[in-house]
Amino acid sequence: MFQLNLPPYPIRIQEKGDRHQIFDILRRKWVALTPEEWVRQHFTHYLTEHKGYPKGLLANEVELRIGEKRLRCDTLLYNKELRPRMIVEYKAPTIQIQQKTFDQITVYNLLLKVDYLIVSNGLHHYCCKMDYEHQSYQFLRDIPDYETL
């Protein structure tokens, strides 16, 4: 797989038939090892092990509905009242983060109205803090520690 701009962790990979799977600590199951999943697992470990995010408040592959349309958030952080607080969108390391990536996460946020949006391809990470009062957002230099949210 790809070398990422994220700290290493003890990765659990297994072969199932002719495919590889990686263990998802949040879903507590083996999932197909794709380049995007590689980024997701590294990033969730980064959030939990290095930034102090509680595993119990994070969820991967969360389904959203807009009418009959079904969407899927890559990762959501909830607050202690279980209201969405942060959306994280991942792309494979070979995919450049472009405006359409931000457009995608913005659609999710129309439903959830979270405080933070993060986009990462494992090499580049972008974090915005939303300001609904002024209808704006601010890009942050780093992903905030959980305690500072």
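**Notebook: sheet, helices, hairpin**

I began with the sheet: strands S1, S2 and S3 make an open, antiparallel sheet in the order S1-S2-S3. I noted its edges next, strand S1 (13-16) and strand S3 (29-32), each of which pairs on one side only. I then looked up the twist: on average, neighbouring strands of this sheet are turned by 40 degrees against each other, direction ignored. I am working from a predicted model throughout.

**S1 against S2**

I looked up how S1 is joined to strand S2 (residues 19-24) and found four bridges, with the two strands running antiparallel. I picked out one position here: Ile13 stands opposite Ile22 in S2.

Which helix packs on this sheet? I found helix H1 (residues 35-50), which touches S1, S2 and S3. I also noted its angle: the direction of H1 makes about 25 degrees with that of S2.

As a reminder to myself: side chains in a regular strand alternate between the two faces of the sheet.

**Helix H2, Asn109**

I moved on to helix H2 (residues 99-112), where Asn109 lies. Is Asn109 buried or exposed? I have it as buried, because its relative accessible area is 6% and the cut-off for buried is under 20%.

I listed what Asn109 touches, leaving out residues up to four places away in sequence. The contacts are Ile87, Val114, Leu117, Met130 and Tyr132.

**Helix H2, Leu111 and the patch**

I checked Leu111 as well, which is also placed in helix H2. Leu111 has a relative accessible area of 40%, so I entered it as partly exposed, the class between 20% and 50%.

Leu111 belongs to a nonpolar patch on the surface, together with Ile66, Val107 and Leu110. I noted about 330 Å² of accessible area for the four residues together. Which element gives the most to this patch? I found that H2 does, with three residues.

**Hairpin of S8 and S9**

I looked last at strand S8 (residues 125-131) and strand S9 (residues 136-140). Five bridges join them, and they run antiparallel. I followed Cys128 across to its bridge partner in S9, which is Phe139.

How many residues lie between the strands of this hairpin? I count four, and Gln135 in this hairpin takes a positive phi near 50 degrees.

Conventions: Residues numbered from 1 in each chain as written. Predicted model: local features only at pLDDT ≥ 70, side-chain atom pairs only at ≥ 80, totals over all residues. Heavy atoms only, no water. Buried < 20%, exposed > 50% of the residue type's maximum accessible area, 1.4 Å probe, protein only. Contact = heavy atoms within 4.5 Å. Pairing = 2+ DSSP bridges. Axes fitted to C-alpha atoms, helices over the stretch in contact; angles between N-to-C directions. Patch = residues over 30% accessible without salt bridge, like charges linked within 9 Å, V, L, I, M, F, W, Y side chains within 5 Å. Areas by Shrake-Rupley, 256 points an atom, 1.4 Å probe, with all protein chains shown as cover. Salt bridge = Lys/Arg side-chain N within 4 Å of Asp/Glu carboxyl O.
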